[in-house]
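Please open the model in your viewer and keep the sequence panel beside it. This tour suggests what to select at each stop and then says what is there.

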Amino acid sequence: MKKLALTSIVFLAACVNGTPDMLRNDRETAQLAVRVGAFEKAREIAVDSLQAQPDNIEARFYLADIYSKMNKYDMEGQELEIIQGKISRADENYPRVIIELMKNSLMRHQYQETISLYKQNFAEGKTALAQSTTMRGKSLMYAAIAYCKQNKYETCIAELKRARTYLPGDPALADNLKIAQYMAKASTGDIDPSLLYAGYSNTESKEMYANLIMALIRGDQETRAFELLSMRYSREDSMTIINDLNGMKIAK
């Protein structure tokens, strides 16, 4: 699919002297850089800030988040592991770093690692961590996604439904539940895009849209897929996408 080119904006790098005011200014400049997509400049500022205050946990979380936005998940994981090594399980940031490590392992397709982190820290009997209801819900959702990736759909769906108790009305959770239910039926040969239609109609998320298009192609409903694609792309690009997806289906 064609991607829109982002306009490049160059920022002057601020010198870092380690004072609270300068560090605060650096953070504000880095946040602005992130908002406009200038991730490399944001990374440079965050690295400079950490050199001035290497034990600043919040600054390291911020650098990890920048790496995530840059799709540099190995680098993000390294920063998160540094945080984990610097704090104890009693630290208020410990549940947060475990949640981020779970998400990071999903992005690196290390699904068993995601599940292991969940079992070691958030599963039944692991209640020592001072976790919020949001963190509890996210840990269940990330573990569920890992189970889905391992084709353990029954466990996946059960965990997603449990997560609803902690994340009521969360659109990402609703999306994942619809996708998991679709995948479970598709694994038995029952391709039912209506599950994804319902989710897309409610949220109109990019993830649900992409899954719906792929489900329609897989279910030999190219006409409907073309109609949906044509709402966002030219007719030529829509046909190219369909042909590419069909090629992937045949190759599989």
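What percentage of the 252 residues of the protein chain count as buried? The value is 40%, and it belongs to a predicted model, in which local features are described only where the pLDDT is at least 70.

**The whole chain**

Begin with a cartoon view of everything, where the secondary structure of the protein chain comes to 13 helices and zero strands. Reading along the sequence, you therefore meet one α element after another, in the pattern α-α-α-α-α-α-α-α-α-α-α-α-α. If you switch to a surface view, the protein chain exposes about 14,300 Å², and carbon and sulfur atoms supply 52% of that area. Among the contacts in the protein chain with a separation of 6 or more, 49% come from residues 24 or more positions apart.

**Confidence**

Now colour the chain by pLDDT, which averages 77 over the protein chain, with 73% of the residues scoring at least 70. Select residues 1-23, where the pLDDT is below 50, although this stretch has 27 contacts in the model beyond near neighbours in sequence. Where pLDDT is low, the predicted coordinates should not be read in detail.

**From helix 2 to helix 4**

A search of the whole structure finds six salt bridges, and the next selections visit some of them. Select Lys-86 and Asp-55, whose side chains meet in a salt bridge with an N to O distance of 2.9 Å. Lys-86 lies in helix 4 (residues 73-86), whereas Asp-55 lies in the loop between helix 2 (39-52) and helix 3 (57-69), so the pair ties together parts that are 31 residues apart in sequence. With a relative accessible area of 42%, Lys-86 is partly exposed, while Asp-55, at 57% relative accessibility, counts as exposed.

Stay with helix 3 and select Lys-69 together with Asp-65, which form a salt bridge whose closest N and O atoms are 2.5 Å apart. What separates Lys-69 and Asp-65 along helix 3? Lys-69 and Asp-65 are four residues apart in that helix, which means a separation of about one helical turn. An α-helix has 3.6 residues a turn, so residues three or four places apart point the same way. Lys-69 counts as partly exposed, at 39% relative accessibility, and Asp-65 is partly exposed too, with a relative accessible area of 30%.

**The loop between helix 5 and helix 6**

Next, select His-109 and Gln-110 and look at the loop that holds them. His-109 lies in the loop between helix 5 and helix 6, and its phi is near 60°, a positive value in a residue other than glycine. The relative accessible area of His-109 is 56%, so His-109 is exposed. Gln-110 is found in the loop between helix 5 (94-107) and helix 6 (111-121), and at 36% relative accessibility it counts as partly exposed. Add Ala-146 to the selection: Gln-110 and Ala-146 are 36 residues apart in sequence, yet 8.3 Å apart in space from C-alpha to C-alpha.

**The disulfide, and helices 7 and 8**

Which cysteines does a disulfide join? Select Cys-148 and Cys-156, which are joined with an S to S distance of 2.2 Å; a search of the whole structure finds one disulfide. A disulfide is a covalent bond between the sulfur atoms of two cysteines. The torsion about the S-S bond of Cys-148 and Cys-156 is about -85°, and therefore the disulfide is left-handed. Cys-148 and Cys-156 are both buried.

Then select Asn-151, whose place is in the loop between helix 7 (133-149) and helix 8. Phi of Asn-151 is near 65°, again a positive value in a residue other than glycine, and Asn-151 counts as exposed at 53% relative accessibility.

Continue into helix 8 (residues 153-163), where Arg-162 and Glu-159 lie three residues apart, about one turn of the helix. Arg-162 forms a salt bridge with Glu-159, and the closest N and O atoms are 2.7 Å apart. Are the two partners buried or exposed, or in between? Arg-162 counts as partly exposed at 31% relative accessibility, whereas Glu-159, at 9%, counts as buried.

**Last stop: helix 12**

Finally, select residues 222-230, which make up helix 12, and show the side chains of its buried residues, Ala-225, Phe-226, Leu-228 and Leu-229. These buried residues cover an arc of only 165° around the axis, which puts them on the same side of helix 12.

Terms used: Residues are numbered from 1 along each chain as its sequence is written. This is a predicted model: local features need pLDDT of at least 70, side-chain atom pairs count only at pLDDT 80 or more; totals for chains, interfaces and linings use all residues. Side-chain values use heavy atoms; hydrogens and water are left out. Helices (H or I, at least four residues) and strands (E, at least two) are DSSP runs, numbered from the N terminus. Buried means under 20% relative accessible area, exposed over 50%, partly exposed in between (1.4 Å probe, protein chains only). Contact means heavy atoms within 4.5 Å. Accessible areas come from the Shrake-Rupley method with a 1.4 Å probe; for residues, only the protein chains shown count as cover. The arc is that of the directions from the helix axis to the C-beta atoms. A disulfide is a pair of cysteine sulfur atoms within 2.5 Å. pLDDT is the predictor's confidence in each residue, from 0 to 100. A salt bridge is a side-chain nitrogen of Lys or Arg within 4 Å of a carboxyl oxygen of Asp or Glu.
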